[in-house]
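Me: I'm new to reading protein structures and would like a close look at a single part of this one. Could you walk me through one strand and then what lies around it?

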Amino acid sequence: MPLTPTDEIVRRARAAGTGVGAFNVLQLEHAQAIAAGAESADRPVVLQISENTVRYHGALEPVALASLAIARAAKTPVAVHLDHAENPDLVREAVGLGLGSVMFDASKLPYAENVASTREVVEYCHQHGVWVEAELGEVGGKGGAHTPGVRTDPEEARAFVAATGVDALAVAVGSSHQMLTRDAVLDFALITRLRTAVDTPLVLHGSSGVSDADLTAAVAAGMTKVNVSTHLNKAFTRAVRTHLTEHPTAVDPRHYLTPARAAVAGEVARLLTVLSPA
């Protein structure tokens, strides 16, 4: 199957009133598992590569090319997306490698600088046919400017979208990155107000901390793209721990990465049906 652009997957979901799962790739096994889960659920999916993951690998190209290969081989639509890039040079590299979408995060900057930096990235990406997500109102859990409790103002969101030309907007509505428990309290009324204020799809970051019921409610309120990372990492690590506990002399990583990959695939399939019921 040819690589499917993120904008096509998100546009179709928004028109249908359903959600799109966007799951973070840390290594090859994650990309394989996410694609397998999407095939099992018969749902489209987005593979995301964050700037933090690029630092872990030491370069974007190896993990990006592997993810693109897995996406092209999948039997269901799979897009590859650069997530939380703060460096415009990394954005340009991603565009050159063939990623169809990027998330440029200048939310740590003052509003006017966020607008100016984002607009420059959008202009570059649109010249190359690449879809751009940006962030307004810090999503908590990252420290520094990402302060829990911040919320995105609908009128500011409307002005930001108009000034930058972004294709999707990540908003702060109560979720927080890197949560290990699923008890985030979302502001559903705010989601609805944001959905009314802007014409672009809304993106929910920090969704690992959101319960299944609230993920469904968030989509109903107006969210379209839903990002999940930590929740899958928990499933991956739990499977590794279980295998090593049961096989204390194991030394071949393939023996414990195989159940970890299967655990992530199963959870991806389940979450995709939560976001987009049949």
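Reply: Let's start with strand 8, which is mostly covered: six of its six residues are buried. Keep in mind that this is a predicted model, so everything here describes a prediction.

Who does strand 8 pair with? On one side there's strand 7 (residues 202-204), joined to strand 8 in the parallel sense over three bridges. If you'd like a spot to zoom in on, find Leu 202, whose bridge partner in strand 8 is Met 223. Strand 8 itself covers residues 223-228, and it also pairs with strand 1 (residues 20-24), again in the parallel sense, this time over four bridges. Here the place to look is Phe 23, which stands opposite Val 228 in strand 8. As a bit of background, strands of a sheet pair through backbone hydrogen bonds, either parallel or antiparallel.

Now zoom out. What do the strands build? They make a closed barrel of eight strands, running 1-2-3-4-5-6-7-8 with parallel pairing. Neighbouring strands in this sheet are turned against each other by 25 degrees on average, if you ignore direction.

Let's go round to another part of the barrel. Strand 3 and strand 4 run parallel, with three bridges joining them, and His 81 stands opposite Ser 101 in strand 4. Both faces of strand 4 are covered. On one side you'll find Ser 101 and Met 103, on the other Val 102 and Phe 104, and all of them are buried.

His 84 is worth a stop too. This residue sits in strand 3 (residues 78-85) and has a phi near 50 degrees, a positive value in a residue other than glycine. Is His 84 buried or exposed? His 84 is buried, because its relative accessible area of 9% falls under the 20% cut-off. Compare that with Asp 42, in the loop between helix 2 (28-41) and strand 2 (45-50). Asp 42 also has a positive phi, near 55 degrees, and isn't a glycine. But Asp 42 counts as exposed, because its relative accessibility is 59%, and the cut-off for that is over 50%.

Next, the helices. Helix 1 (residues 6-16) lies across strand 1, strand 2, strand 3, strand 4 (101-104), strand 5 (131-136) and our strand 8, and runs at about 100 degrees to strand 3. Helix 5 (residues 88-97) packs on the sheet as well, touching strand 3 and strand 4, and its direction makes about 165 degrees with that of strand 3.

Helix 1 also helps to line a pocket. The second largest pocket holds about 200 Å³ of space and is lined by 14 residues. Helix 1 gives the most to that lining, with five residues. Nearest the pocket's centre lie Ile 9, Arg 12, Ala 13, Thr 18 and Pro 44.

One last stop: Thr 118, in helix 6 (residues 111-127). Thr 118 counts as buried because its relative accessibility is 0%. What does Thr 118 touch, leaving aside neighbours within four places in sequence? Its contacts are Phe 104, Ala 106, Ala 134, Phe 160, Thr 164 and Val 166. You've met Phe 104 already, as one of the buried residues of strand 4. Finally, a polar atom of the Thr 118 side chain lies 2.7 Å from the backbone oxygen of Asn 114.

Methods
Residues are numbered from 1 along each chain as its sequence is written. This is a predicted model: local features need pLDDT of at least 70, side-chain atom pairs count only at pLDDT 80 or more; totals for chains, interfaces and linings use all residues. Side-chain values use heavy atoms; hydrogens and water are left out. Helices (H or I, at least four residues) and strands (E, at least two) are DSSP runs, numbered from the N terminus. Buried means under 20% relative accessible area, exposed over 50%, partly exposed in between (1.4 Å probe, protein chains only). A polar contact is a pair of N or O atoms within 3.5 Å; within protein, one must be able to donate a hydrogen and the other to accept it, and residues adjacent in sequence count only if both atoms are side-chain atoms. Contact means heavy atoms within 4.5 Å. Two strands pair if DSSP finds at least two bridges between them. Axes are lines fitted to C-alpha atoms, for helices over the stretch in contact, and angles run from 0 to 180 degrees between N-to-C directions. On a 1 Å grid over the protein atoms alone, a cavity is a set of points where a 1.4 Å probe fits but cannot get out, and a pocket is an open set with protein on both sides within 12 Å along at least five of seven lines; lining residues have an atom within 4 Å of a point. Grid points are joined across faces, edges and corners, and a volume is the space filled by probe spheres set on the points.
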